[in-house]
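Trainee: I am new to this structure. Could you take me through it by question and answer?

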Amino acid sequence: MIKQQARHPLLVFLIVLLTILSLLGVSFRIVLLPQVTAILAENTVNSSLSALTHDELVEVAKKGRAYVAGDPEAQLPAGNNERVSFTPDVMQHMEDVRLVIRAAAYMTLAWLALLVVLLVIAGRRGGKRTVSSGLFIGGVSTVVLALILVAIGIISFDALFTTIHKLFFADGTWTFAEDSLLICAYPLPFWIGMGTVWGVSLVLLSALTSVIGLFLKKRTGRSSRR
């Protein structure tokens, strides 16, 4: 019989933390895919209040996504009439969003890199039990977090949306008229769809991570009994 290696609690905790952060970041990148914006915009843009047509609003939504995602060629419809263009206040908000998304991308890459390094270190010092436990607990914890956020969103999506915006943007910089171009291109149903895609992506990625951790845990258990 091979002696089973003990888990390292500190390494397990760090793996869990980095797993949660990495899963949040990666799932958010899925939300930013152009296909997601295109599909949601096609079904949610508010042409009834807008001075633009449905197809024109969809194009605005696509350009806005490209801009905040960091596409250097993306051109926003800047102007002074908020019903048909993005006013200076809106342009500033889009720039703020772009900066937040860029920072999130860099942090996600950093978290993933640290997680890989930590898994290698844990595998050498703590064995597969530490690695498997960290991944399994991290995946399960993220599923629980995702379900909590989904529940909050179902109870009051507006409250969740407002809270998230207050975390990243100054008061008064992200509220605009209901018939403005920005709000007609990205109405509340659009953001509910975005939140749903993020929640589903997060749950699926987290469940996969948990399965990988459980698989490694079972393999470790079988090896220790030989």
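The turns below go from the overall fold to single residues.

Trainee: How many helices does the protein have?
Mentor: Start with a caution: this is a predicted model. From the N terminus on, its elements run α-α-α-α-α-α-α. There are zero strands. The count of helices is seven.

Trainee: What does the C-alpha trace span along its principal axes?
Mentor: The chain holds 226 residues, and 38% of them are buried. The C-alpha trace is described by three spans along the principal axes. They come to about 75 × 30 × 30 Å.

Trainee: Which helix gives the most to the lining of the second largest pocket?
Mentor: That pocket holds about 190 Å³ of space. Helix 1 (9–31), helix 4 (88–125) and helix 7 (188–225) each supply at least two lining residues. The top contributor gives four residues, and that is helix 1.

Trainee: How many charged residues are in the lining of the second largest pocket?
Mentor: Look at the names first. The lining includes Thr 19, Ser 22, Leu 23 and Val 26, and also Leu 112, Leu 205 and Thr 209. Eight lining residues are nonpolar and three are polar. As for charged residues, there are no such members.

Trainee: How many salt bridges are there, and which residue pairs with Glu 59?
Mentor: The count comes to two salt bridges. A pair qualifies when a side-chain nitrogen of Lys or Arg is within 4 Å of a carboxyl oxygen of Asp or Glu. In the Glu 59 pair the closest N and O atoms are 3.6 Å apart. The partner of Glu 59 is Lys 62.

Trainee: Why are Glu 59 and Lys 62 separated by about one helical turn?
Mentor: Both residues are in helix 3 (residues 54–68). Glu 59 is partly exposed at 40% relative accessible area, and Lys 62 is partly exposed at 34%. The separation is about one helical turn because the two lie in that helix at a spacing of three residues.

Trainee: How far apart in sequence are the parts tied together by Asp 179 and Arg 83?
Mentor: Asp 179 forms a salt bridge with Arg 83, with the closest N and O atoms 3.5 Å apart. Asp 179 lies in the loop between helix 5 and helix 6 (181–185), and Arg 83 in the loop between helix 3 and helix 4, so the pair ties together parts whose sequence separation is 96 residues.

Trainee: Are Asp 179 and Arg 83 buried, partly exposed or exposed?
Mentor: Buried means under 20% relative accessible area and exposed means over 50%. Asp 179 has 27%. Arg 83 has 30%. Asp 179 and Arg 83 therefore both count as partly exposed.

Trainee: What accessible area does the nonpolar surface patch around Leu 149 have?
Mentor: Leu 149 is found in helix 5 (residues 127–168). At 36% relative accessibility, Leu 149 is partly exposed. Its companions in the patch are Val 140, Val 144, Leu 145, Ile 148 and Ile 152. Together the patch residues have about 430 Å².

Trainee: Is Ser 50 buried or exposed, and how far is its C-alpha from that of Cys 184?
Mentor: Ser 50 is found in the loop between helix 2 (34–44) and helix 3. Its relative accessible area is 11%, so Ser 50 is buried. Ser 50 and Cys 184 are 134 residues apart in sequence. Their C-alpha separation is 6.0 Å.

Trainee: What separates the C-alpha atoms of Arg 29 and Trp 198?
Mentor: Arg 29 has its place in helix 1. Arg 29 is partly exposed, at 33% relative accessibility. Along the chain, Arg 29 and Trp 198 are 169 residues apart. Between their C-alpha atoms the separation is 8.9 Å.

Trainee: Is Ile 15 buried or exposed?
Mentor: Ile 15 is found in helix 1. Its relative accessibility is 0%. The cut-off for buried is under 20%. Ile 15 therefore counts as buried.

Trainee: Where is Trp 174 found, and what is its relative accessible area?
Mentor: Trp 174 is found in the loop between helix 5 and helix 6. Its C-alpha atom is separated by 9.6 Å from that of Thr 162, 12 residues apart along the chain. Trp 174 is buried, with a relative accessible area of 14%.

Key
Residues are numbered from 1 along each chain as its sequence is written. This is a predicted model: local features need pLDDT of at least 70, side-chain atom pairs count only at pLDDT 80 or more; totals for chains, interfaces and linings use all residues. Side-chain values use heavy atoms; hydrogens and water are left out. Patches are made of residues with over 30% relative accessible area and no salt bridge: like charges are joined within 9 Å, nonpolar side chains (Val, Leu, Ile, Met, Phe, Trp, Tyr) within 5 Å. Accessible areas come from the Shrake-Rupley method with a 1.4 Å probe; for residues, only the protein chains shown count as cover. Buried means under 20% relative accessible area, exposed over 50%, partly exposed in between (1.4 Å probe, protein chains only). On a 1 Å grid over the protein atoms alone, a cavity is a set of points where a 1.4 Å probe fits but cannot get out, and a pocket is an open set with protein on both sides within 12 Å along at least five of seven lines; lining residues have an atom within 4 Å of a point. Grid points are joined across faces, edges and corners, and a volume is the space filled by probe spheres set on the points. Ala, Val, Leu, Ile, Met, Phe, Trp, Tyr, Cys and Pro count as nonpolar, Asp, Glu, Lys and Arg as charged, and the others, Gly among them, as polar.
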